[in-house]
Amino acid sequence: MSVAQFIQNAWNRQAKWLIVLRPLSCLYHFGFWANQKLYEKGIKAVYTAPVPVMIIGNITVGGSGKTPLLIHLVNYLQSKNVRVGIISRGYGGKGPFPAYVGLNAIPEQVGDEPCLIVQSTGVAMAVGSSRQQSIELLLAKHELDLIISDDGLQHHALARQLEWIVLDRNRGLGNEKLLPEGYLREPKSRLNIGTVIEHAAQPETELNMHLEVAEPYLLNSDEIRRFDPQQDFYAVVGIGFPQRFYRTLESLGVQQFQCHEFPDHYDYDLTDIQFEDSNPIITTEKDAVKLLPILKQHPDFNREIWVVPVEAVLSSACYRVLNQQLADLGISIE
């Protein structure tokens, strides 16, 4: 087990020993605050794009449901004839950056989430550590009304007109401590700034979303087969909060599965999906984009890999607020 995964597990358990990391959390807080002040005072330059920018992010490390939300919003905006583009850091990708993400892009170069987003929406997308370069690359290829930044809430070098912050009530804020004592990137008070979208099955606020599970499908077969939840599965997962996936499996009626967890944005190889028996694998769509190239390289791999798709379902208030926010920016929703 890596150090990162060990700490991730401790965060999820809210282990008491994490208090020994408090001095590092204080240093992180000071560094974060000082960096923010440098941007506010103009000592560090802030890039303002020629079109409005919307950030979809969170204040925690690990999964919050942000990617399904982004995919849903892109599909919604495209249906309303809004010309939207996406930028992202491209975590897990090796570049070179900035990189344009086409339908044939591979996760090794641009990251797993960008591949999933483009495959799900066909949206114009660019990735790289420099958000400015990514935006310039997009605008050189497309006329856009809006640019959505996948994550980047803490990236103060990029000016933004809208911020949507996803708050996962299922996971919560843990011990509410900053990195590395806890898994907060910013203090809890950050939720007072921006539009907070509550991710919960039983929400407490008007602006909320939940994930709706669709019928699992086979990744390594063109054959349409009915999913049988009564099998014994290997749950192979490399996401920020794997416990959410396990709950999803239980909601599908899957009772027997062995957990095989990997770090977020993990770069799989064939040995990671080889087991002694022939039991099928079950995984997420995000992991599936990493596993598919392995299957293409090894066409003789005959173990079934089932993929569980999820879709974000938003409350009506989310659309009402979004439409008004965009109208305030001069972007009409048809």
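**View 1. Nine strands line up in one open sheet.** The order across this predicted model is E3-E4-E2-E5-E1-E6-E7-E8-E14, with mixed pairing. Strands are DSSP runs of E with at least two residues, helices are runs of H or I with at least four, and both are numbered from the N terminus. Two strands pair if DSSP finds at least two bridges between them. At the edges lie strand E3 (99-100) and strand E14 (310-314), each pairing on one side only.

**View 2. Here strand E1 meets strand E6.** Residues 53-57 and residues 162-168 run in the parallel sense, joined over four bridges. Look for Gly57, whose bridge partner in E6 is Ile165. Helix H9 (residues 316-328) packs on the sheet, touching E1 and E6 among others (contact means heavy atoms within 4.5 Å). The directions of H9 and E6 make about 160 degrees; axes are lines fitted to C-alpha atoms, for helices over the stretch in contact, and angles run from 0 to 180 degrees between N-to-C directions.

**View 3. The whole chain puts these details in context.** It has nine helices and 14 strands. Of its 334 residues, 52% count as buried, that is, under 20% relative accessible area with a 1.4 Å probe, protein chains only. The C-alpha trace spans about 60 × 50 × 40 Å along its principal axes.

**Notes.** Residues are numbered from 1 along each chain as its sequence is written. In this predicted model local features need pLDDT of at least 70 and side-chain atom pairs count only at pLDDT 80 or more, while totals for chains, interfaces and linings use all residues; side-chain values use heavy atoms, leaving out hydrogens and water.

Technical notes
Buried means under 20% relative accessible area, exposed over 50%, partly exposed in between (1.4 Å probe, protein chains only).
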